[in-house]
Amino acid sequence: MSQTYATILAEERRGGMRRAALAAIVFAVCIAALWITGFFDGRRFAEGLPALGQLATEMVPPDFTRWQHWLKPLLDTLAMSIAGTVLAVVISLPLAILAAPNTSPNALLCQVTRTILAFLRSVPEIILGVIFVAAVGFGALPGVLALALHSVGMVGKFYAEAIEHVDPKPLEAARAAGATPMQVIVHSVLPQVFPQLADITLYRWEYHFRASAVLGIVGAGGIGFELMAALRLIAYDQVSAILLSILACVVVVDALGARLRKALK
Amino acid sequence: MLDLDNVTVRYANRVTALDAASASFPRGQFIVLLGPSGAGKSTLLRCLNGLVRPTSGKVSLEEGGNILANRAALRQHRRRTGMIFQQHHLIGRLTALQNVLMGRLAFHGTLRSLLPLPEADRLVALEALDRVGLADRALHRADQLSGGQQQRVGIARALAQRPVAILADEPVASLDPATADKVLALLHRICREDGITAVVSLHQVELARRYGDRIYGLAGGRIVFDGTAAELDAVTLDRIYGPASIPSVQPGPLQTEPSAARLKMAKTA
């Protein structure tokens, strides 16, 4: 009896040691990353802190006198976030169906679609923004295209993952009743994943609002454009006012997203 | 009449689930496939509507020939053949009615079915739910129904196809005995009334005896018995369930955690 216990406990100890070794490696990698990026250079922090303090004092009090000029850009940003989400969803859904192994017509197509999604993900939207501004000119349109294209990579992947983990049993039932492959997807897969898809979409919308503010910096319309202008004028009190306006909108958008998510459960 | 002719099914992992099985399912009969789990009952049932393709052998309809002849033939055959599953295979967040409507999908093209199905189909579905006594639960979510009710929704989904045959894969295995009996009695009565051919897999000898017009006994992928309930004697049961077993009284060995003592025995052995 005791011999068995000893073997089991020895096995358990070996597992514990493996975990400890793994933790040590992870810790070392984290420290190395901080060191390489200069985090342990105390002098730079010592010099940087006063500069940061200086900037902070210039930011208060925030200067809201130009608020009327920000309303339209904020509205543009909101419209960009919604339009970008719509476009992303419309393109993502068919791609996700191709990228999920359980709905994809064949393995090769599945792999190709996954690669396309990975590629779209890997191009940051700010780069896409620069490209589209060069292609179609300043304004909200290049912003929307940049948001949508980058998001397709992200949303498509998340959609595909949701579809992949669908319960296969109702699919078999639909197939047994004579449903076509497309009918199985529309009537058995999508109803199952609808709450997850809605969730992903709403998170993406919230993200789009924040991201479209940044996109304005490269000339892709919206409030980011105003932010960049204020930064160029070194009007930090206006910069802080704009940032606070964006924050207020983000809070509203996130709250709205949360409300919608609950309603769509 | 549905015919299984010398059908062998070998899965990718080289397990032979069905070994040269031949059987026929005459119209209007209530036929039970009896056997322990792993005997090949599910595979046989799934061959009958093409969910599993035989490695060799043929599945055919008296009037329509090989059910796997082409895509249209298979779809036509599946449309006329309802299927009921052990775990109901419903979509929990849809209503009972929406689940039953799945049985009407094959009556419409892919494009048409993107729109809500016509009123006539909704009536067929509701009628099917009424048939199993659940018309008043039509708008409840499937996951809010009890196990017995969920299986009745499963039956209604099959009935909504206005089927010629129904295949039922352990339809009552996940229900308590009293509910199991009620659900099976319901299925039996409906098939009788409508002249539907039923192929039902079960592992309870008692239920097989009570409802089967004819019983096929399966063991290890082979059909080892073909006869009526009266012919199902102790010797036959031995062939199906292995010697010295009385499955109606003794369900298989319970899965229990091996004790330390047994562990040691296994190691020293």
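In this predicted model, the C-alpha centres of domain 1 and domain 2 of chain A are separated by 33 Å. The domain assignment places domain 1 of chain A at residues 2-59 and domain 2 of chain A at residues 68-264.

Confidence in chain A averages a pLDDT of 91, with 100% of the residues of the chain at 70 or more. The two extremes of confidence within chain A both fall in helices, as tabulated here.

| Element of chain A | Residues | Mean pLDDT |
|---|---|---|
| Helix 2, lowest confidence | 42-59 | 87 |
| Helix 7, highest confidence | 168-176 | 96 |

Helix 7 of chain A also contains a set of buried residues, namely A:P170, A:L171, A:A173, A:A174, A:R175 and A:A176. What do the buried residues of helix 7 of chain A pack against? Within chain A they pack against helix 8 (181-215), and across to chain B they pack against helix 2 and strand 6 (81-84) of that chain. After helix 7 of chain A comes A:G178, a residue whose phi is positive, near 95°.

The contact between the two chains draws 20 residues from chain A and 25 residues from chain B. On the side of chain B that touches chain A, helix 2 (71-79) and helix 9 (260-268) of chain B each contribute at least two residues, and helix 9 of chain B gives the most, with five residues. Sorted by class, that side of chain B comprises 13 nonpolar, seven polar and five charged residues.

Technical notes. Residues are numbered from 1 along each chain as its sequence is written. Chains are lettered from A and ligands numbered from 1 in the order in which they are written. This is a predicted model: local features need pLDDT of at least 70, side-chain atom pairs count only at pLDDT 80 or more; totals for chains, interfaces and linings use all residues. Domain bounds come from an automatic or database domain assignment. Two residues are in contact if their C-beta atoms, placed from the backbone, lie within 7 Å. Helices (H or I, at least four residues) and strands (E, at least two) are DSSP runs, numbered from the N terminus. Ala, Val, Leu, Ile, Met, Phe, Trp, Tyr, Cys and Pro count as nonpolar, Asp, Glu, Lys and Arg as charged, and the others, Gly among them, as polar. pLDDT is the predictor's confidence in each residue, from 0 to 100. A residue is buried if 20 or more other C-beta atoms lie within 10 Å of its own, exposed if 12 or fewer, and partly exposed in between; C-beta atoms are placed from the backbone.
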